[in-house]
Amino acid sequence: MTDKTPKKKVMVIHGPNLNLLGKREPHIYGHESLEEINSGLRDRGDLLGLDLDTFQSNHEGAIVDKIQQALGNCHGIIINPAAYTHTSVAIRDALAMLDIPVIEVHLSNIHKRESFRHQSMIADIVVARIAGFGSHGYLLGLEGLAKIISK
């Protein structure tokens with residue numbers, strides 16, 4: 001007998017330069033590629049009964065467009081805005097219009113880095129922030145989001 005309960009949809013959005021994970025400053029961002037991270041997320045999502053849509057862009061407008069697609073189509077978002085964390089009012093405004101939980105993830109501990117990285121434009125509108133656990137932070141975020149949306 002198979003479970004016919006529809007899977008809840010979760011969007012995972014990766015910001016600029018994350019397409020180069022594994023090659024770009026591995027001492028900061030780790031050795032895993034973005035595809036390896038996404039594959040692990042999809043596997044964990046399957047175990048949690050979630051349908052994951054992963055997306056990466058180096059372009060602010062494309063990220064905003066993707067966030068807008070979540071309206072009425074998605075149960076939650078995990079986002080690593082990368083450099084846009086510190087600068088993008090457009091991404092903040094797009095996330096603020098949603099009525100679903102959003103979790104902010106960062107591979108590195110942004111508070112142990114340059115001072116300009118300490119500011120997040122979305123910190124006050126997300127339900128949780130995870131930083132400094134490397135790629136495992138995405139899995140922690142997914143576990144947390146699964147709990148939140150199951151209520």
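**Figure 1. Leu20, a partly exposed residue in a loop.** With a relative accessibility of 36%, Leu20 counts as partly exposed, because that label covers the range between under 20% (buried) and over 50% (exposed). Keep in mind that this is a predicted model. You'll find Leu20 in the loop that links strand S1 to helix H1. Now look for Glu32: Leu20 and Glu32 sit 12 residues apart in sequence, and their C-alpha atoms are 9.7 Å apart in space.

**Figure 2. Asn17 and its positive phi.** Stay in the loop between S1 and helix H1 (26-29), since this is where Asn17 has its place. What is the sign of phi at Asn17, a residue other than glycine? Phi is positive here, near 75°. Most residues other than glycine have a negative phi. As for cover, Asn17 has 33% relative accessibility, so it counts as partly exposed.

**Figure 3. Ala82, another residue with a positive phi.** Hop over to the loop between S3 and helix H4 (89-96), and you'll meet Ala82. Its phi is near 55°, again a positive value in a residue that isn't glycine. Is Ala82 buried or exposed? Ala82 counts as buried, because its relative accessibility is 13% and the cut-off for buried is under 20%.

**Figure 4. Strand S3, tucked away inside.** Strand S3 covers residues 76-80, and five of its five residues are buried, so the rest of the structure largely encloses this strand. Which residues of S3 point which way? Gly76, Ile78 and Asn80 point to one side, while Ile77 and Ile79 point to the other, and all of them are buried. So whichever side of S3 you pick, the residues pointing there are buried.

**Figure 5. S3 and its two parallel partners.** On one hand, strand S1 (residues 8-14) runs parallel to S3, and five bridges join the two. On the other hand, S3 also pairs with strand S4 (residues 102-106), in the parallel sense and over three bridges. Zoom in on Ile77 to see both pairings: Met11 stands opposite Ile77 in S3, and Ile77 stands opposite Val102 in S4. One step along, look for Val12, which stands opposite Ile78 in S3.

**Figure 6. Strand S1, with S2 alongside.** Five of the seven residues of S1 are buried, so this strand is largely enclosed by the rest of the structure. How many bridges join S1 to strand S2 (residues 50-56)? There are seven bridges, and S1 and S2 run parallel. To spot one of the pairs, find Lys8: its bridge partner in S2 is Leu50.

**Figure 7. His106 and the residues it touches.** His106 belongs to strand S4. With a relative accessible area of just 5%, His106 is buried. Which residues does His106 touch, if we skip those up to four places away in sequence? They are Asn80, Pro81, Thr85, Ile130, Ala131 and Gly132. You've already met one of them: Asn80 is a buried residue of S3. Thr54 makes a handy reference point too: Thr54 and His106 are 52 residues apart along the chain, and their C-alpha atoms are separated by 16 Å.

**Figure 8. Stepping back to the whole chain.** Finally, here's how the close-ups fit together. The protein chain has five helices and five strands, and reading along the sequence gives the pattern β-α-α-β-α-β-α-β-β-α. The C-alpha atoms fill a box of roughly 50 × 35 × 25 Å along the principal axes. Why call the chain's radius of gyration a match for a compact globule? Because a compact globule of 151 residues would have a value near 15 Å, and this chain has 15 Å, which agrees. Of the 151 residues, 42% count as buried. Take the contacts with a separation of 6 or more: residues 24 or more positions apart account for 77% of them. On the outside, the chain exposes about 7900 Å², and carbon and sulfur atoms supply 52% of that area. As for charges, there are 16 positive and 17 negative ones, and their mean positions are 3 Å apart.

Definitions and conventions: Residues are numbered from 1 along each chain as its sequence is written. This is a predicted model: local features need pLDDT of at least 70, side-chain atom pairs count only at pLDDT 80 or more; totals for chains, interfaces and linings use all residues. Side-chain values use heavy atoms; hydrogens and water are left out. Helices (H or I, at least four residues) and strands (E, at least two) are DSSP runs, numbered from the N terminus. The radius of gyration is taken over C-alpha atoms; the globule rule is 2.2 Å times the number of residues to the power 0.38. Buried means under 20% relative accessible area, exposed over 50%, partly exposed in between (1.4 Å probe, protein chains only). Contact means heavy atoms within 4.5 Å. Accessible areas come from the Shrake-Rupley method with a 1.4 Å probe; for residues, only the protein chains shown count as cover. Lys and Arg count as positive and Asp and Glu as negative; His and the chain ends are not counted. The place of a charge is taken as NZ of Lys, CZ of Arg, CG of Asp or CD of Glu. Two strands pair if DSSP finds at least two bridges between them.
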